[in-house]
Amino acid sequence: MEPIIQIKNVSKTFESKSGQVKALQNISIDIEKGDIFGMIGMSGAGKSTLVRCINFLERPTDGTVIIDGKDLGNISNKELRKTRMEIAMIFQHFNLLMQRTVIDNVCFPLEIAGVKKKEAKDRARELLKIVGLENKENAYPVQLSGGQKQRVAIARAIANNPKILLCDEATSALDPETTNSILNLLKDINKRFGITIVVITHEMKVIQEICNKVAILNNGKLAETGYVKDIFTEPKTDEAKRLVYQGTSMTALMNGQRFIRIVFGEQSSFEPVIGNMILSFNTPINIMGADTRNIGGKAMGEMILQLPEDEVIAEKMITYLRNRKLVVEEVDLNV
Ligand SMILES: Nc1ncnc2c1ncn2[C@@H]1O[C@H](COP(=O)(O)OP(=O)(O)OP(=O)(O)O)[C@@H](O)[C@H]1O
């Protein structure tokens, strides 16, 4: 089946007083229907520009954006408006209408789409139930917590049954617990309604928690893209490594010693392999950190080991682990 979002060789250059800014350079990404697709990168990497190109709020300087078979650069304004109705968006700061109650916020896009008042109210109530806010319909946004505001924004975004939901740093203003509850809600919506979700974030944790695929942007360029579990297991570029190593015990890596990172999937576990290796070589090794992370709903483990100073034994250990089908990579402090 054709991908629901096709970004083909997209570039975007802004003209500013201080010269040209190449915000995006030749980006190509396919997003399949039902994906929860993450876009991650540092501030200024081009994430917001790219997501705005998906609904043509920003027109690419070069390249093509095809949504559900329609080339956005090649359709009438009327068709573009119609296609945009199928692409909803939520933001970091929620963008609710402060003078309207919760239910009236959710009714707003329905009214614009011409749905009758009574019908809109019924649908809004149904949506508030989906996001767990059925008892807040008459509250005003100021009376809600950040997480509740984002729930209202989500209800409003999916009111007209969009095919695609774009989330621009939607959890960046929320504490970790609330972040998790919003991510769970997004997962639920993706599953129940088959809405394709694009998640823009600077946090790898968010990507690991809900995305099946990810694109890593760096300085307007696509550094690496693929399945989250593959990139977590074996990041190839420096940008990917930097993101994946975030949160590991990297502070220990200051004394010129060699370190390796090994990753385990669901079927295997650390202890027997490491234990047997220490016994085989009769050489102790330091475990600098071990962690289990939830990657797309599956538990994956990672471990950082300090190799022994003896280079020959160190190399043999790496070979030993690789022979046991583990992904082993040397961790470079300069990443
Ligand atoms: N309208 C504009 N005019 C000029 N330059 C712009 C404009 N919009 C974005 N840029 C520049 O394009 C680059 C990419 O910006 P963008 O907002 O897409 O990055 P980002 O990855 O979303 O960053 P952040 O996480 O900080 O929002 C930046 O250098 C930014 O200054």
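1. Let's start with one pair of residues: Arg261 stands opposite Ile304 in S13. Another such pair is Ile260, which has Leu305 of S13 across from it. Bear in mind as you look around that this is a predicted model.

2. These pairs sit where strand S11 (residues 259–264) meets strand S13 (residues 298–306). The two strands run antiparallel, and six bridges hold the pairing. As a reminder for reading any such ladder, side chains in a regular strand alternate between the two faces of the sheet.

3. S13 has another partner to look at, strand S12 (residues 286–295). Here the count is nine bridges, and S12 and S13 again run antiparallel. If you want a spot to check by eye, find Asp291, which stands opposite Glu302 in S13.

4. What links S12 to S13? They form a hairpin with two residues between the strands. Gly296 is the residue to click on in this hairpin, as Gly296 takes a positive phi near 55°.

5. Now zoom out to the whole sheet. S12, S13, S11 and S14 make an open sheet of four strands, in the order S12-S13-S11-S14, with antiparallel pairing. Which strands stand at the edges? They are S12 and strand S14 (327–331), and each has a single partner strand, so one side of each is left without a neighbour in the sheet. Neighbouring strands of this sheet are turned by 20° against each other on average, if you ignore direction.

6. On to the other open sheet, which is built from six strands in the order S6-S7-S8-S3-S9-S10. The pairing in this one is mixed. Its edges are strand S6 (87–91) and strand S10 (221–227); each of them has a single partner strand, so one side of each lacks a neighbour in the sheet. From one strand to the next, the twist averages 15°.

7. For a parallel stretch in the six-stranded sheet, go to strand S7 (residues 164–168) and strand S8 (residues 196–201), which pair in the parallel sense over five bridges. One bridge to look up there is Leu165, whose partner in S8 is Ile197. Helix H5 packs on the sheet, where H5 touches S6 and S7. The direction of H5 makes about 170° with that of S6.

8. H5 also has a helix to pack against. The axes of helix H3 (residues 102–112) and helix H5 (residues 146–157) come within 8 Å and cross at roughly 30°. Angles under 35 degrees count as roughly parallel, and H3 and H5 are therefore roughly parallel to each other. H3 passes H5 in a right-handed crossing. On the H3 side, the contact is made by Val102, Asn105, Val106, Phe108 and Pro109, while H5 offers Val152, Ala155 and Arg156. By class, the residues of the contact of H3 with H5 are six nonpolar, one polar and one charged.

9. How does H3 meet helix H4 (residues 117–130)? The axes of H3 and H4 come within 9 Å and cross at roughly 120°, and that makes H3 oblique to H4. This crossing of H3 and H4 is right-handed. The H3 residues in the contact are Val102, Ile103, Val106, Cys107, Leu110 and Glu111, and they meet Ala120, Lys121, Arg123, Ala124, Leu127 and Leu128 of H4. The contact of H3 with H4 has nine nonpolar, no polar and three charged residues.

10. Last, the overall layout. The protein is divided into domain 1 (3–234) and domain 2 (247–331). Taken over C-alpha atoms, the centres of domain 1 and domain 2 are separated by 37 Å. How many residues are in contact between them? Nine residues of domain 1 are in contact with eight residues of domain 2. On the side of domain 1 that touches domain 2, the elements giving two or more residues are helix H7 (204–210) and helix H8 (228–233). H8 gives the most to that side of domain 1, with four residues. That side is split by class into three nonpolar, three polar and three charged residues.

Definitions and conventions:
Residues numbered from 1 in each chain as written. Predicted model: local features only at pLDDT ≥ 70, side-chain atom pairs only at ≥ 80, totals over all residues. Pairing = 2+ DSSP bridges. Domains from an automatic or database assignment. Contact = placed C-beta atoms within 7 Å. Nonpolar A, V, L, I, M, F, W, Y, C, P; charged D, E, K, R; others polar. Axes fitted to C-alpha atoms, helices over the stretch in contact; angles between N-to-C directions. Parallel < 35°, antiparallel > 145°, perpendicular 65-115°, else oblique. Left-handed = near helix turned anticlockwise from the far one by under 90°.
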